[in-house]
Amino acid sequence: MNRYQIDFPKIGIRPVIDGRRKGIRESLEEQTMKMALAAKELIQGQLRYPNGEPIEVVIADTTIGGVKEAARCQNQFEREGVEVTLTVTPCWCYGTEVMDQTPQTIKAVWGFNGTERPGAVFLAAVLAVHGQKGLPAFGIYGRNVQDCTDTEIPEDVSKKILLFAKAAVAAKAMRGNSYLQIGSVCMGIGGSILNQDFMQQYLGLRSESVDESEILRRMEQGIYDPEEFERALAWTKENCTQGWDKNPEELRPNKEGYEAWWEFVVKNMLIVRDLMVGNPKLAKMGFIEESCGHNAIAAGIQGQRQWTDFRPNFDFLEAMLNSQFDWNGLRESYVIATENDTLNAITMLFEHLLTDCPGIFADVRTYWSPEAVERVTGEKLEGYAKDGIIHLINSGAAALEGTGAVLDKDGTPMIKPFYQMTDEEAKACLEATDWCPADLFYFRGGGFSSHFIGGTKGQMPVTMARINLVHGVGPVMQLAEGYTCQLSKKVHDILDKRTDPTWPTTWFAPKLTGEGAFTDVYSVMSNWGSNHGAFCYGHVGDRLITLASMLRIPVSMHNVEKERIFRPAVWAAFGTQELEGADYRACEAFGPLYKA
């Protein structure tokens with residue numbers, strides 16, 4: 001089944017040149033085109049789309065020395081699906097004549113740092129024009145002077161090209177797809193109020209809504225693949241271990257009752273996946289309309305309480321769809337949020353598009369100070385946890401990679417994209433998870449919650465993020481880079497049991513700066529803008545900040561080092577001392593990427 005109904009965006013390389021003939025242009029042709037080829041090789045060699053395929057890069061048919069060639073390049077790129085452009089040059093060019101003036105593309109310019117020709121002068125001039133015309137562009141300029149014969153891309157330039165390319169493809173990958181909400185507002189949570197203007201104007205996403213009764217209709221009328229259901233159920237019984245039932249004995253179902261729950265949640269997963277992306281098998285069964293799906297690149301599902309008061313919960317499908325494997329083998333993660341938290345779903349989508357790995361949904365549940373931990377456990381926190389920890393725990397569902405069961409070559413927990421995973425690593429994630437029967441006081445209809453046995457393994461670098469909507473401002477992003485923490489079994493058990501020991505727990509310690517929202521761990525918790533957040537593998541706050549600037553979403557809170565931040569060059573015109581304020585002003589001035 002095709003995850004995406006539209007093609008991924010391509011990156012176009014625009015080699016621009018001094019158009020003066022009789023020796024000047026002719027002497028620069030080879031060097032200029034070599035820059036374009038080097039950039040193409042860098043991007044295609046280092047970056048992939050989330051489905052594992054290399055990012056496609058197109059080079060303009062000729063160098064661009066004037067408006068006619070610029071127009072030909074634009075026509076070529078439109079034919080070939082280019083939505084991101086990187087302009088490269090080693091020399092002076094006539095800025096307004098050669099620049100990318102297409103409003104729809106996301107733009108960067110790399111000016112070669114050499115003294116033979118003034119590439120840096122052109123870079124400064126054309127970036128000024130981009131700002132003047134309301135077409136923000138990222139400026140890329142190496143720190144050290146190179147010889148004109150040097151074809152190597154310096155490391156600092158490489159980092160910026162790759163950061164720009166990955167974030168720009170992520171920004172454009174959403175356009176034309178859909179967000180699917182199944183159900184409606186959940187338990188009064190603001191994030192589950194679908195804001196169609198945000199989806200359309202900032203992300204280019206359509207908004208689709210389906211009532212939860214559609215799931216029951218498909219179950220009752222057999223609108224799912226029965227052969228896949230049997231295969232999925234057999235795989236689930238073999239690989240998904242049923243865990244501890246915390247419910248009083250008199251409330252627990254018998255063996256047949258548990259079996260009925262398993263059959264229900266597996267069938268539910270098939271149906272929700274089909275609602276998101278469609279299933280050609282349904283067309284062969286005569287259900288042509290249902291086979292199409294809703295072209296959803298992300299989704300959320302209401303669950304509590306109207307559904308979970310009388311039907312098994314959605315935890316199994318949420319955990320397994322967000323994971324990168326199932327009975328069909330290794331595959332790309334689907335993005336689906338608990339409690340139809342649309343804003344957390346989009347945060348998870350950002351994380352997925354930027355890392356090719358799943359985002360892990362969580363309640364930002366509790367701040368545990370070192371003093372409080374010592375008081376209730378008798379032990380001191382150590383390592384990354386020494387200054388306190390935040391308890392991240394969803395009410396029953398999280399991608400299984402969040403266990404930290406996959407290890408790097410040094411034995412440190414990590415999360416890999418599916419195209420780098422092995423079947424053995426998928427099995428390790430399954431073995432690190434058991435499925436506890438749902439708390440029947442919370443979920444009266446039953447079901448199973450994914451439970452990380454012993455919690456997420458420690459020492460894993462992660463980034464927690466969240467988008468919030470603020471009246472009068474619009475969308476705002478916040479993020480915190482940090483590490484997962486491994487507590488002793490005694491401490492983990494005592495703290496975990498104070499919440500719900502059948503849910504997936506991660507102990508998180510943000511990196512502290514000693515200032516503002518990162519003065520201490522308590523400050524991080526108290527400045528977090530919602531009850532939910534999502535974390536992903538790696539310290540990728542710089543990628544999130546770059547992506548947010550492309551979409552015109554200001555970042556209110558982060559702990560990313562200043563030298564790692566990369567935004568459009570014109571952002572400096574809004575202030576260089578207090579960057580958060582400048583970001584807000586720039587985003588307001590330029591407005592949403594897709595605003596009419």
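Biologist: What lines the second largest cavity, and which residues lie nearest its centre?

Modeller: The lining of the second largest cavity is made of 13 residues, and Glu318, Asn322, Phe361, Ala397 and Ala398 lie nearest the centre. Keep in mind that this is a predicted model. Two or more lining residues come from each of helix 12 (315-322), strand 12 (336-338) and strand 13 (360-368). Helix 12 gives the largest share, 3 residues.

Biologist: Why is this space called a cavity and not a pocket?

Modeller: A cavity is a set of points where a 1.4 Å probe fits but cannot get out, while a pocket is an open set. The space beside those residues counts as the second largest cavity, and about 50 Å³ lies in it. The search of the whole structure finds 4 cavities of 30 Å³ or more.

Biologist: What makes Phe361 and Glu318 fall into separate classes when you sort a lining?

Modeller: Phe is on the nonpolar list and Glu is on the charged list, so the two residues are counted apart. For the second largest cavity, the sorting gives 8 nonpolar, 4 polar and 1 charged.

Biologist: How does the lining of the largest cavity divide by class?

Modeller: There the lining has 3 nonpolar, 7 polar and 3 charged residues. The largest cavity has a volume of about 70 Å³. It is lined by 13 residues, and the closest to its centre are Gly303, Gln304, Asp315, Glu318 and Thr338. You've met Glu318 already, among the residues nearest the centre of the second largest cavity.

Biologist: What about the open spaces? Which residues lie nearest the centre of the largest pocket?

Modeller: Those are Lys159, Lys160, Leu163, Arg564 and Phe566, out of 48 lining residues. The volume of the largest pocket is about 1,500 Å³. Several elements supply at least two residues each, including helix 4 (119-132), strand 5 (137-140) and helix 19 (579-590). Helix 5 gives the most, with 7 residues. Sorted by class, the lining holds 23 nonpolar, 10 polar and 15 charged residues.

Biologist: And what lines the second largest pocket?

Modeller: That pocket has 16 lining residues, with Glu515, His558, Asn559, Val560 and Glu580 nearest the centre. Its volume is about 390 Å³. The lining splits into 6 nonpolar, 5 polar and 5 charged residues.

Biologist: Let's turn to cysteines. How do you know whether Cys429 is in or out of a disulfide?

Modeller: Look for the nearest cysteine sulfur: for Cys429 that is the one of Cys357, 11 Å away. A disulfide needs two cysteine sulfur atoms within 2.5 Å, so a pair 11 Å apart does not qualify. The count for this model comes to 0 disulfides.

Biologist: Why are Cys429 and Cys587 called buried?

Modeller: Buried means under 20% relative accessible area. Cys429 has 0%, so it is buried. Cys587 has 5%, so it is buried too.

Biologist: What makes Arg375 buried or exposed?

Modeller: The cut-off for exposed is over 50%. Arg375 comes out at 63%, so it counts as exposed. Arg375 lies in helix 14 (residues 370-377). Here's a fun pair of numbers: Arg375 and Gly329 are 46 residues apart in sequence and 46 Å apart in space, C-alpha to C-alpha.

Biologist: How do you know how well covered strand 14 is?

Modeller: Go through strand 14 (residues 389-393) one residue at a time: 5 of its 5 residues are buried. On one side sit Ile389, His391 and Ile393, and on the other Ile390 and Leu392, so both faces are covered, each of these residues being under the 20% cut-off.

Biologist: Why do you say that strand 14 pairs with strand 13 and with strand 21?

Modeller: Pairing takes at least two bridges between two strands. Strand 13 and strand 14 run antiparallel and are joined by 5 bridges, so they pass. Within that pair, Val364 stands opposite Leu392. Strand 14 and strand 21 (residues 505-510) have 4 bridges, again antiparallel, so they pass as well. Here His391 stands opposite Trp507.

Biologist: What makes strand 2 an edge strand?

Modeller: Strand 2 (57-59) pairs on one side only, and strand 5 does likewise. They belong to an open sheet of 5 strands with the order 2-1-3-4-5 and parallel pairing. Inside that order, strand 3 (residues 82-89) and strand 4 (residues 106-111) share 6 bridges. One of the partnerships is Val88 with Trp110 in strand 4.

Methods: Residues are numbered from 1 along each chain as its sequence is written. This is a predicted model: local features need pLDDT of at least 70, side-chain atom pairs count only at pLDDT 80 or more; totals for chains, interfaces and linings use all residues. Side-chain values use heavy atoms; hydrogens and water are left out. On a 1 Å grid over the protein atoms alone, a cavity is a set of points where a 1.4 Å probe fits but cannot get out, and a pocket is an open set with protein on both sides within 12 Å along at least five of seven lines; lining residues have an atom within 4 Å of a point. Grid points are joined across faces, edges and corners, and a volume is the space filled by probe spheres set on the points. Buried means under 20% relative accessible area, exposed over 50%, partly exposed in between (1.4 Å probe, protein chains only).
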